[in-house]
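Reader: I've got some questions about how the terms are used here. Can we go through them one by one?

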Amino acid sequence: MVLNESQKSLLKQHEALLIGKWITDLSNTSAFIMSEMKDLNWAGFYLLEGETLYLGPFQGKPACTLIKVGNGVCGTAVKEVRNIIVRDVHEFPGHIACDVASNSEIVIPMKAKGKILGVLDLDSPNVGRFNQEDEAFLSVLVQQLIEKNIF
Ligand code: SME
């Protein structure tokens with residue numbers, strides 16, 4: 001999918017924020033997403049250790065601290081190694097509700113050298129907030145993070 005000019009400009013700004021320190025970069029990336037994308041109530045990372053995703057840097061209300069692989073949208077994205085867009089979280093079997101304000105969600109697994117490092121997770125109060133353009137944009141953003149941190 002071709003990115004639009006506004007997405008390209010945001011990706012340039014994001015690239016300039018990265019310094020190659022994993023937790024530092026994840027922290028600023030979550031803040032960057034929250035400040036630049038509309039209609040979000042949560043943006044952040046879960047980091048994979050063994051069969052568990054642990055809460056990482058994020059913006060938004062306090063969230064579930066751990067999610068088993070296979071559980072919820074995040075655990076399903078890891079288990080099935082795929083991006084997931086959920087139009088209405090109430091229709092996703094096993095969705096884990098961390099913030100009752102969330103109505104739609106997008107999860108992008110972070111992969112490097114065939115290993116999953118964790119996921120990027122965004123929540124919105126709007127049903128159907130996320131589309132394939134967001135998926136394409138966020139996938140490049142995750143790639144920038146991984147390349148700068150050379151996993
Ligand atoms: N809804 C997620 C849990 C994490 S929160 O949205 C921050 C899930 O079902 O995996």
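Reader: Which element gives the largest share of the shell around the ligand?

Author: That would be α3, with three residues. Keep in mind that this is a predicted model.

Reader: What makes a residue part of that group around the ligand?

Author: The cut-off is a heavy atom within 4 Å of the ligand. There are 13 residues around the ligand, and Val73, Cys74, Ile96, Glu105 and Asp123 come nearest. By class, the shell has eight nonpolar, two polar and three charged residues.

Reader: Why is the pair between Asp123 and the ligand called a polar contact?

Author: An N or O atom in the Asp123 side chain is 2.7 Å from an oxygen atom of the ligand. The limit for a pair of N or O atoms is 3.5 Å, so this pair counts as a polar contact.

Reader: What makes the pair with His95 count?

Author: Here a nitrogen atom of the ligand is 3.3 Å from an N or O atom in the His95 side chain. That is within 3.5 Å, so the pair is a polar contact.

Reader: And how do you know that Cys74 makes one?

Author: With Cys74 it's a backbone N or O atom, 2.9 Å from an oxygen atom of the ligand. Since 2.9 Å is within the 3.5 Å cut-off, that's a polar contact too. As for cover, the ligand taken alone exposes 310 Å², and the protein buries 99% of that.

Reader: Where does the ligand sit, and what makes you say so?

Author: The ligand sits in the largest cavity. To say that, more than half of its atoms must lie within 2 Å of the grid points, so the ligand meets that condition. The elements that give two or more residues to the shell around the ligand are β1 (42-49), α3 (72-79) and β6 (115-124).

Reader: Why is that space called a cavity rather than a pocket?

Author: In a cavity a 1.4 Å probe fits but cannot get out, whereas a pocket is an open set, so the word tells you the space is closed to that probe. The largest cavity holds about 140 Å³ of space. Its lining has 16 residues, with Ile96, Cys98, Glu105, Asp121 and Asp123 nearest the centre.

Reader: What is the volume of the largest pocket, and which elements give two or more residues to its lining?

Author: The volume is about 230 Å³. Those elements are α1 (5-17) and α4 (132-149). The lining divides into three nonpolar, four polar and five charged residues, Arg129 and Phe137 among them.

Conventions
Residues numbered from 1 in each chain as written. Predicted model: local features only at pLDDT ≥ 70, side-chain atom pairs only at ≥ 80, totals over all residues. Heavy atoms only, no water. Polar contact = N/O pair within 3.5 Å; in protein donor to acceptor, adjacent residues only side chain to side chain. Areas by Shrake-Rupley, 256 points an atom, 1.4 Å probe, with all protein chains shown as cover. 1 Å grid on protein atoms, 1.4 Å probe; cavity = no way out; pocket = protein on both sides within 12 Å on 5 of 7 lines; lining within 4 Å. Helix = DSSP H or I, 4+ residues; strand = E, 2+ residues; numbered from the N terminus. Nonpolar A, V, L, I, M, F, W, Y, C, P; charged D, E, K, R; others polar. Points joined across faces, edges and corners; volume = space filled by probe spheres on them.
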